[in-house]
Amino acid sequence: MRRPVAMRLCAALATTALATATGVMVAMPSASAAVTGSATGYATQNGGTTGGAGGQTVRATTGTAIHQALCGRADSSTPITIEVEGTINHANTTKVSGDSCNTAAGVIELKQISNVTLVGVGSGAVFDQLGIHIRQSSNIIIQNVTVKNVKKSGSPTSNGGDAIGMESDVRNVWVDHTTLEASGGESEGYDGLFDMKDNTQYVTLSYSTLRNSGRGGLVGSSETELSNGFITYHHNLYENIDSRAPLLRGGIAHIYNNYYVKLNESGINSRAGARAKVDNNYFKDSKDVLGTFYTDAAGYWQVGGNTFDNVTWSAPGSENNPAGPDPKSNTTVSIPYAYGLDGAGCVPDIVTRTAGAGKGLMVSDGNCSAQTPSPTTPTPDPTTPDPTTPTPDPTQPSGTNLSIGAGSDGSSKADGTSYGNVRDGDPNTYWSPSGPTGSISIKWGTATSVSRADIRQASGSAVGSWRLVNGDTGAVLASGTGAGVITFPKTALKKITFEITGSTGTPKIAEFATYAG
């Protein structure tokens, strides 16, 4: 029987201060921005993550003031850094309207926006019982804040019970030096601390503390919701967590130099074809820290350099496949970015000294010593993609495009377009269906192993919902919205079909690239 975690717990921006019932919002010179360091991990891919760099900096002491800052920009993509100080709660967080925002009361709503940084400053920023929700947004940084006791049931509720939650076509988010905590599990009204679903990609969680929760976080909301991936977790402390540290459904994750203490039921749960590279982590006083749990939908892992200190393992079963007691790799995962690894033996010390809000933004130097990186003010990438039509980084994925030299067919095509345009390597040519929906296929003469597709849209394309289908069997390999890079369990097939099941205009598929891994 699961023991609840609680039982284990002993208009334009003003240039002067606005002190009103809605809080303080002060415009600051851009040089005063407190963000330190640069994004790491998968957040560096797909154009990179710079947040509000290059834009105006403002100070906010209430949730309403945060929303005012978002709504006061010239448009929804105007860069802005919002320095947050004090306690942000339900009483001081109201909905604010404007052309450059889409906010709501009772939650910090980062919806349909881009190029934003939230950073805690001064005496600290605490989001008390108030979650941060990122939806249909890109290029977001959240740094040096605490989010605690966010509930989905009881009173008050916020953000579906997630401390930080991302969903619906989210791209390029860096969450760094945060403290995310609850005071129990689902029976006490809490959900996840760090959740991603519905086509969320290129995210890094670094130097953060996640504690006292039934659920650490998930990637993907179900065994068939496999549109998420390219997530990095490094130098985080997971403490007193029942499960989901994290739960991965499909996609790729890189998990390194994390310190896990008291994972009470399970830890890294790779399932439904997910592939995790698990390097130089330290697991202590925990159970079933890696494997596929609570399902028969297998996931995979590549392990190296980890330390298992007083870790227990359950027996394998039909819906229980622990990696231990002697974890071995059952896949390989290629990482496209540079990174340094601390030895697992020093992970408890370096993570304890650096992870969480209020730690001076200290980071590892890669040799088990803490240092403060220099403040950076990078120029935002002017080509940051709209989250509804993501443009994959040219280096991601890597390998041979198997579509070049293959065949293609599909449903009816619009005048002037061709099936062959999706496999010619030319982004300036494309195929369009004759209506708002349709399908396009890549086919080979012999069975070919594929685990990734890259759907590249031409300018003005408007793909909405889609399915990727095994053309030999009719099985759905993946589904989602917005296209982009799609990962799925490696499958040998002669035909793979991209079905467009919804759109907001005319779909234009420039390339349907396929890769073995």
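Is Cys 368 buried, partly exposed or exposed? With a relative accessible area of 25%, Cys 368 comes out as partly exposed. The legends below start with the whole chain and then zoom in, and Cys 368 turns up again in the last view. Keep in mind that this is a predicted model.

**View 1. The whole chain, with two helices and 35 strands.** Here's the protein chain in one go: it has 517 residues, and 58% of them count as buried. Its exposed area is about 18,300 Å², with carbon and sulfur atoms supplying 49% of that. As for confidence, the mean pLDDT is 88, and 88% of the residues reach 70 or more. Residues 6–21 are another story, with pLDDT below 50; even so, this stretch has 30 contacts in the model beyond near neighbours in sequence. Residues 377–396 also stay under 50, and there the model has 48 contacts beyond four places in sequence.

**View 2. The largest nonpolar core, made of 65 residues.** Nonpolar side chains tend to be buried together in soluble globular proteins. In this core, the residues with the most contacts inside it are Ile 82, Phe 127, Phe 194 and Tyr 233. Helix H1, residues 63–71, gives the core its largest share, five residues. Another core lies apart from this one; it has 24 residues, including Phe 488, Ile 496, Phe 498 and Ile 509.

**View 3. Tyr 233 and its partners from elsewhere in the sequence.** Set aside the neighbours within four places in sequence, and Tyr 233 still touches plenty of residues, among them Phe 194, Met 196, Leu 205 and Val 219. Further along the chain, the contacts of Tyr 233 include Pro 246, Leu 248, His 254, Ile 255 and Tyr 256.

**View 4. Helix H1, largely enclosed by the rest of the structure.** Why call it enclosed? Because eight of the nine residues of H1 are buried. Gly 63, Thr 64, Ala 65, Ile 66 and His 67 are buried here, and so are Ala 69, Leu 70 and Cys 71.

**View 5. Asn 139, a buried residue in strand S7.** Strand S7 covers residues 138–143, and Asn 139 has a relative accessible area of 0% there. What does its side chain reach? The side chain of Asn 139 comes to 2.6 Å from the backbone nitrogen of Thr 50. There's also a polar contact of 2.7 Å between the side chains of Asn 139 and Asn 115.

**View 6. The disulfide between Cys 71 and Cys 101.** This is one of two disulfides in the count, and its sulfur atoms sit 1.9 Å apart. Cys 71 belongs to helix H1, while Cys 101 is in the loop between strands S3 (80–88) and S4 (108–111), so the pair ties together parts that are 30 residues apart in sequence. The torsion about the S-S bond is about 100 degrees, so this disulfide is right-handed. Cys 71 counts as buried at 6% relative accessibility, and Cys 101 counts as buried at 14%.

**View 7. The disulfide between Cys 346 and Cys 368.** Back to Cys 368: its sulfur atom is 2.0 Å from that of Cys 346. The torsion about their S-S bond is about -70 degrees, so this disulfide is left-handed. Cys 346 lies in the loop between strand S27 (320–322) and helix H2 (347–354), and Cys 368 in the loop between strands S28 (363–364) and S29 (370–371), 22 residues apart. Cys 346 is buried at a relative accessible area of 16%, whereas Cys 368 is partly exposed at 25%. Counting bonded cysteines along the chain, the disulfides follow the pattern 1-2, 3-4.

Definitions and conventions: Residues numbered from 1 in each chain as written. Predicted model: local features only at pLDDT ≥ 70, side-chain atom pairs only at ≥ 80, totals over all residues. Heavy atoms only, no water. Core = buried A, V, L, I, M, F, W, Y, C linked by side-chain atoms within 4.5 Å. Buried < 20%, exposed > 50% of the residue type's maximum accessible area, 1.4 Å probe, protein only. Helix = DSSP H or I, 4+ residues; strand = E, 2+ residues; numbered from the N terminus. Contact = heavy atoms within 4.5 Å. pLDDT = per-residue confidence, 0-100. Polar contact = N/O pair within 3.5 Å; in protein donor to acceptor, adjacent residues only side chain to side chain. Areas by Shrake-Rupley, 256 points an atom, 1.4 Å probe, with all protein chains shown as cover. Disulfide = S-S within 2.5 Å.
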